[in-house]
Amino acid sequence: MKTELRLALLQMNIEAGNPEANFGKLKEMLEEAVSQDVKPDVIVFPEMWNTGYALTEIKTIADREGERTKAMLSAFAKAHHVHIIGGSIAEGKAEGVYNTIYAFDRDGNVAGNYSKIHLFRLMDEEKYLMAGDKPGTLTVEGEQAGMMICYDIRFPELARKLALQGAKLLFVPAEWPHPRLHHWRTLLTARAIENQMFVIACNRMGKSGDTSFFGHSMVLDPWGETIAEAGEEETILFADIDLSLVDTVRNKIPVFEDRRPSIYADPII
């Protein structure tokens, strides 16, 4: 089982309402990521990279059943023997459009999927998108991992549930905008510290309508220390992690052993 992993976070600009341009840009960045002297083990994308927040036309341009996305990413993962956390896409289904992550293992198999549970009212998501109803889990190199999307990180209950299920890594695709950079950094750091896990968060950059996105994709270790952080430009952020650090931290400060849920758990939840 491999514990030392190289990550590549594709911090890209996204053209709202233009899937063709976005698929083209993603392919370019994927090829760049695997052309490095040290090829990444895991590649991560931002949220809604295929369409952006073109919500008024989302039903028309969403990827039906995620078929185009799955075909492309499965083939790429298999060809280059890499794990892919495929950001999230607008996925069209019979009942509506979901904000969905598809993840792939090194053989190109779907390793997990997750549809965003918490819809962000400030961007009218609840008017155009369907909410998911189950946590997102997968395994990476034999270790448990979890998936959340953007606004989800404001809900510590979900991250804790994933940690209690054994997750050592948390992948967070996002379109997190100005002016809330402080919230972004603070919430990601808190999720890493309180759950003693690696947090790998890939944000978009650029502008869509009147909204600017600041990038600052981040990789944090189980102590909450920043391993790598991008700026605001379009870039690929590389970072190296060692999954064995999770066990080291959890053994040193046994938070999970010291929990007393019978006292503070809300019976209504």
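**Reading helix packing, cores and cysteines in a predicted model**

Q: In this predicted model, which residues of H1 meet which residues of H3?

A: From H1, the residues Glu20, Phe23, Leu26, Lys27, Leu30, Glu31 and Val34 meet Arg68, Thr69, Met72, Leu73, Phe76 and His80 of H3.

Q: How do the axes of H1 and H3 cross?

A: The axes of H1 (residues 19-34) and H3 (residues 67-80) come within 12 Å and cross at roughly 10°. H1 is therefore roughly parallel to H3, since angles under 35 degrees count as roughly parallel.

Q: How should one read a nonpolar core, and which residues have the most contacts inside the largest one?

A: The general idea is that in soluble globular proteins, nonpolar side chains tend to be buried together. Here the largest nonpolar core has 50 residues, and Phe171, Trp184, Leu188 and Ile200 have the most contacts inside it. Another core, of 23 residues, lies apart from it; Leu10, Ile14, Leu26 and Leu30 are among its members.

Q: With which residues is Phe171 in contact, leaving aside its neighbours within four places in sequence?

A: Phe171 is in contact with Val42, Val44, Ile85, Val140, Ala145, Gly146, Met147, Met148 and Ile200, once those sequence neighbours are left aside.

Q: Which residues of H5 are buried, and where do they fall when seen down the axis?

A: In H5 (residues 156-164), the buried residues are Leu158, Ala159, Leu162 and Ala163. Seen down the helix axis, they fall within an arc of 140°, so they line one face of H5. After H5 comes Gly166, with a positive phi near 105°.

Q: Which residues of H7 are buried, and which are exposed on the other side?

A: Val246, Val249 and Arg250 are the buried residues of H7 (residues 244-252). Their directions fall within an arc of 95° down the axis, so they line one face of this helix. On the other side of H7, Asn251 and Lys252 are exposed.

Q: Against which elements do the buried residues of H7 pack?

A: The buried residues of H7 pack against H5, helix H6 (181-195), strand S11 (198-203) and helix H8 (255-258).

Q: How many disulfides are there, and why is Cys150 not bonded to Cys202?

A: A disulfide is a covalent bond between the sulfur atoms of two cysteines. The count here is zero. The cysteine sulfur closest to that of Cys150 belongs to Cys202 and is 11 Å away, too far for a bond; a disulfide would require the pair to be within 2.5 Å.

Q: Are Cys150 and Cys202 buried or exposed?

A: Cys150 is buried, with a relative accessible area of 7%. Cys202 also counts as buried, at 0% relative accessibility.

Methods:
Residues numbered from 1 in each chain as written. Predicted model: local features only at pLDDT ≥ 70, side-chain atom pairs only at ≥ 80, totals over all residues. Heavy atoms only, no water. Core = buried A, V, L, I, M, F, W, Y, C linked by side-chain atoms within 4.5 Å. Buried < 20%, exposed > 50% of the residue type's maximum accessible area, 1.4 Å probe, protein only. Contact = heavy atoms within 4.5 Å. Helix = DSSP H or I, 4+ residues; strand = E, 2+ residues; numbered from the N terminus. Arc of directions from axis to C-beta. Axes fitted to C-alpha atoms, helices over the stretch in contact; angles between N-to-C directions. Parallel < 35°, antiparallel > 145°, perpendicular 65-115°, else oblique.
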